[in-house]
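Hi,

Here is the structure I said I would pass on. Have a look at it first, and my notes follow underneath.

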Amino acid sequence: MRRPWLFYSQFAFTIGVCTFLIVPVIMSMMAGITENFFLGIKSGVTLRWVYEVLDLYLDTIYLSLLIAVICLIVTLILGIPTAYVLAKKSGRWARMFEEFLVLPVAIPGLAIALALIVTYGGFRDFRTSWGFILVGHVLYTLPFMVRSVLAVLSSTDFQTLEESAASLGASFWQRFFGIIIPNCRSGILAGSLMVVTLSVGEFNLTWMLHTPLTKTLPVGLADSYASMRLEIGSAYTLVFLIMILPLLIGLQMFGTSKERKPAVPDEDPSEQANQQEIAR
Amino acid sequence: MSDLKDQGTAINLLSCAKTFAGGVQALEPLDLEIAGGETVVLLGPSGCGKTTTLRIIAGLEEPDPGGRVMFGDDDVTRLPIEKRKIGMVFQSYALFPNMTVRENIAYGLMVRRMPKPDIDRRVGEMLEMMHIGDLEFRRIDQLSGGQCQRVALARAIAVQPRVLLLDEPLTALDAILRTRLRVEIDQLLRRLGITAVYVTHDQGEAMSLGDRIVVMSRGRVEQIGTPRDIYYKPNNDFVAEFIGTINRLRGIARGDHVEVAGASLPWSANRSGGEVEILFRPENVTISNLKSAHLKGNVVTSFFQGDRTKLILDGLGERQVIIETTDRVEFIAGQEIGFRIDPDSMIILNT
């Protein structure tokens, strides 16, 4: 069958857009391993810049990872019970709370950061610790955790599962940890990857909340772009991408809903014949 | 498996009503005594309060203040479901998808902290009893509907519950499997001697499983009785209509007979005046010659069903009349036939 011209024009358009988006990323990564950006790749390939980044900004990478992990722990502890309660309650207040929870995503990060500074900036020790950044990250990422766990809970009849566990004698905590959590594993996993990815890459909020001693990777990146050689900034981007890509791939793998297996046919034919006999 | 045998715990509901938030009364105050080892079926259309009653017994709903639930001599009204020592089977099976068949059956024993060797023995017994030994290590999504229901039953029985509650356990299955599992459940309940409460909207299931049937509608009990009582002596026209097929004709009482559709039927009550309703089942008539017939009608359609023929008649009032005969005669549409109603099985209600 011959494909119509429309297909080819659409194909070309798609490739064009992809190229437009991907080429800068590749260019940037190339720049990070080029001896001299202005001379181009023919000046030689080197890992010098990457080492320099690690030398200058290793603490920002550590801090980013530390904040991401703790942010994940906090959102797990807060987010799963919140999603559970929201899935259980069907009232107007529950829906309002759900909307309320998403506000930090809708409001510009700068505004949230400013609000945090205005409210808690006076507590000096807190203001100057990375805990201040953590609070911002938790605020920003919590809805993603709640949403993805809630989505899984709403798609399963977890109430009946819980009732049946209760009928078998399981206490609330036995039900929660033995039935609820294992059965929304896919949502928890998707939410976790989302939270870590967002936390590692978060810039808006973090830029406002950071102090010279509490810089995360993206803040450091901005800093290096502003004050360092272009090659160092590019190498930094490379490091960032290497960190974040596995998370994004994981997100794609677990985030897309798993396809259900086809239903098993009901028993074998010999049994069917037997059943018909009994049916009479 | 003699340890499975149980004397059975009696269940006693004392004026249990249920009003849901928003003021909807799902259940009017209900008193129900269920003897130890008895199987009681709660039967009725959706929204009749049968599931609410079951959930009150289970401890998933609390009755309105004043209502009490007794298991034997224990007042369990305030006990949550997990402390009531019941077994429950759900329409959707509610098997745990994160566990294998074996883990599902073992779950109730595990949360009770039973020693591992005892769990293994008990699970083995259950697998054997429900004929699902070869499914032991399957995941739940690898089971068919019938297999799921067997696992759900095994799981509920494994914990040796005081009472077994079944919430429309066969509704999600196809007709053939339903009949087969109905037989299995019946044998199982007899063998265990366990007190069982079974909720269904299927009258066939109710008749074959129940020692007694509680017919409910709109949150009220319409009749409590053995399947025979319910079928032969329905209290009112709701019960009569709900159980099996029944014909209804309007008539006027005239002393020792009732005038119906231009003919007269014998009546023992001997009371004159007033409209009455005559109810009779399709199988309680005999075709007779036109002269000695109680009633005459014209055949609209006839369905040959092998052992009997089902006839739909008109000319007997606004509604068509359905009768059944085992006569080996072919009936033609339009033919006028006469039939007699067995006077013992005729039900006459005042309107």
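Start with the hairpin in chain B that β1(B) and β2(B) make, with 3 residues between the two strands. B:G22 sits in that turn and has a positive phi of about 100 degrees. Keep in mind as you look around that this is a predicted model.

The two arms of the hairpin, β1 (residues 11-20) and β2 of chain B, are paired antiparallel over 7 bridges. If you want residues to click on, B:F20 is opposite B:V24 in β2(B), and B:L13 is opposite B:L32 in β2(B).

That hairpin belongs to an open sheet of 4 strands in chain B, ordered β2-β1-β4-β5 and paired antiparallel. At its edges are β2 (24-34) and β5 (74-75) of chain B, each of which pairs on one side only. A helix goes with this sheet too: α1 (residues 50-58) of chain B lies across β1, β2 and β4 (68-71) of chain B. Its direction is at about 120 degrees to β1(B).

Further along chain B there is another open sheet, this one with 5 antiparallel strands in the order β15-β19-β16-β17-β18. Why do β15 (285-288) and β18 (321-325) of chain B each have one side without a neighbour in the sheet? They stand at the edges with a single partner strand each, so there is nothing in the sheet on the other side. From one strand to the next, the twist averages 50 degrees. Within this sheet, β17 (residues 309-314) of chain B pairs with β18(B) in the antiparallel sense over 5 bridges. B:K310 has B:E324 in β18(B) as its bridge partner.

Now for how the chains meet. On the chain A side 32 residues are in contact with 37 residues of chain B. Together the two chains bury about 2,700 Å², and 57% of that is on carbon and sulfur atoms. There are 2 salt bridges across the interface of chain A and chain B. One of them joins the side chains of B:E82 and A:R175, at 3.4 Å from N to O. The same interface has 8 residue pairs in polar contact, counting those with both residues at pLDDT 80 or more.

Which helices of chain A should you look at for the side that touches chain B? α7 (158-167), α8 (172-183) and α13 (269-279) of chain A each supply at least two of its residues. By type, the residues on that side of chain A are 12 nonpolar, 12 polar and 8 charged.

Over to you!

Technical notes. Residues numbered from 1 in each chain as written. Chains lettered and ligands numbered in written order. Predicted model: local features only at pLDDT ≥ 70, side-chain atom pairs only at ≥ 80, totals over all residues. Heavy atoms only, no water. Contact = heavy atoms within 4.5 Å. Buried area = accessible area lost by both parts, 1.4 Å probe. Salt bridge = Lys/Arg side-chain N within 4 Å of Asp/Glu carboxyl O. Polar contact = N/O pair within 3.5 Å; in protein donor to acceptor, adjacent residues only side chain to side chain. Nonpolar A, V, L, I, M, F, W, Y, C, P; charged D, E, K, R; others polar. Pairing = 2+ DSSP bridges. Axes fitted to C-alpha atoms, helices over the stretch in contact; angles between N-to-C directions.
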